[in-house]
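Subject: Handover of a structure

Dear colleague,

Please find the structure below, followed by an account of what was found in it. I would be grateful if you could read the two side by side.

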Amino acid sequence: MANRLRILAPRLASIGGSGNPIFAAASEVPLSLYGGTGNYASALFISASKAKVLDKVESELANIVQATKKSTVFTQFMKDLSVPAETKVKAVQEIFSEAGFSDVTNNFLAVLAVNGRLRYLERIAQRFTDLTMAHRGEVRAVVTSVAPLGPAEEKDLKEALQYILGEGKTVKLEQKIDLSILGGLVVQYGEKLFDFSIKRRAKEMEKFLRDPANASIF
């Protein structure tokens, strides 16, 4: 196992670094992601795309993230830096090979284990999904409310967002519950944020009462 790790490490250890030539081909990824997790996600996207297993890898990463949330032991194993890299590589390869995971995912997990980056897997998976959604022309919109939207409300909101985004994009709506906004909606997609919450209006009312001359109209 140690020999395999020594062979694997030089070839893979540079993944995630800005000097890796794989990132020179920016046209191979639909979004430019930055930082360590962005580099890992981009490298995985390129590998999965070339192997034509994008959807499978996306599903496999989601399954792993769910497993970490259900098992505190597994989560601790993934994040524990005191566990030797050899042990982690052997464990992830055995576990996920038996589960029928693709070679792309198995090899990628080995890379993370070698580089001590398994603890960042959830964030990498999120950024990988950003890439696959962009590849499919999908836009994730997160709507926050104090209660779940009804079917009619969800339909109206999706149609409104679809109109804003225009043709060629598909809205994927994700609902979040947050009682602290007091009511109304907060809608976010990409870098845009639309805050129609009662909490925001209450703050603006408070600001107006304290300083009417400099307060914005709410």
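Angles between helix axes are classed as follows: under 35 degrees is roughly parallel, over 145 roughly antiparallel, 65 to 115 roughly perpendicular, and the rest oblique. This is a predicted model, in which local features need pLDDT of at least 70 and side-chain atom pairs count only at pLDDT 80 or more, while totals for chains, interfaces and linings use all residues. Residues are numbered from 1 along each chain as its sequence is written, and side-chain values use heavy atoms, with hydrogens and water left out.

Helix packing

Helices (H or I, at least four residues) and strands (E, at least two) are DSSP runs, numbered from the N terminus. Axes are lines fitted to C-alpha atoms, for helices over the stretch in contact, and angles run from 0 to 180 degrees between N-to-C directions. Helix H2 (residues 35-50) packs against H3 at about 135°, the axes being 8 Å apart. H2 and H3 are therefore oblique to each other. In contact (heavy atoms within 4.5 Å), Leu44, Phe45, Ala48 and Ser49 of H2 meet Leu54, Val57 and Leu61 of H3. These residues comprise 6 nonpolar, 1 polar and no charged; Ala, Val, Leu, Ile, Met, Phe, Trp, Tyr, Cys and Pro count as nonpolar, Asp, Glu, Lys and Arg as charged, and the others, Gly among them, as polar.

Helix H3 (residues 54-70) also meets helix H4 (residues 72-79), where the axes come within 5 Å and cross at roughly 110°. H3 is thus roughly perpendicular to H4. On the H3 side the contact involves Ile64, Ala67, Thr68, Lys69 and Lys70, and on the H4 side Thr72, Phe74, Thr75 and Met78. Here the division is 4 nonpolar, 3 polar and 2 charged.

Pockets

A pocket is an open set of points on a 1 Å grid over the protein atoms alone, where a 1.4 Å probe fits, with protein on both sides within 12 Å along at least five of seven lines; lining residues have an atom within 4 Å of a point. The largest pocket has a volume (the space filled by probe spheres set on the points) of about 730 Å³. Among its 23 lining residues, Asp130, Arg140, Tyr189, Gly190 and Glu191 are the closest to its centre. The lining holds 10 nonpolar, 4 polar and 9 charged residues.

The second largest pocket has a volume of about 250 Å³. H3 and H7 each supply at least two residues of its lining.

Yours sincerely
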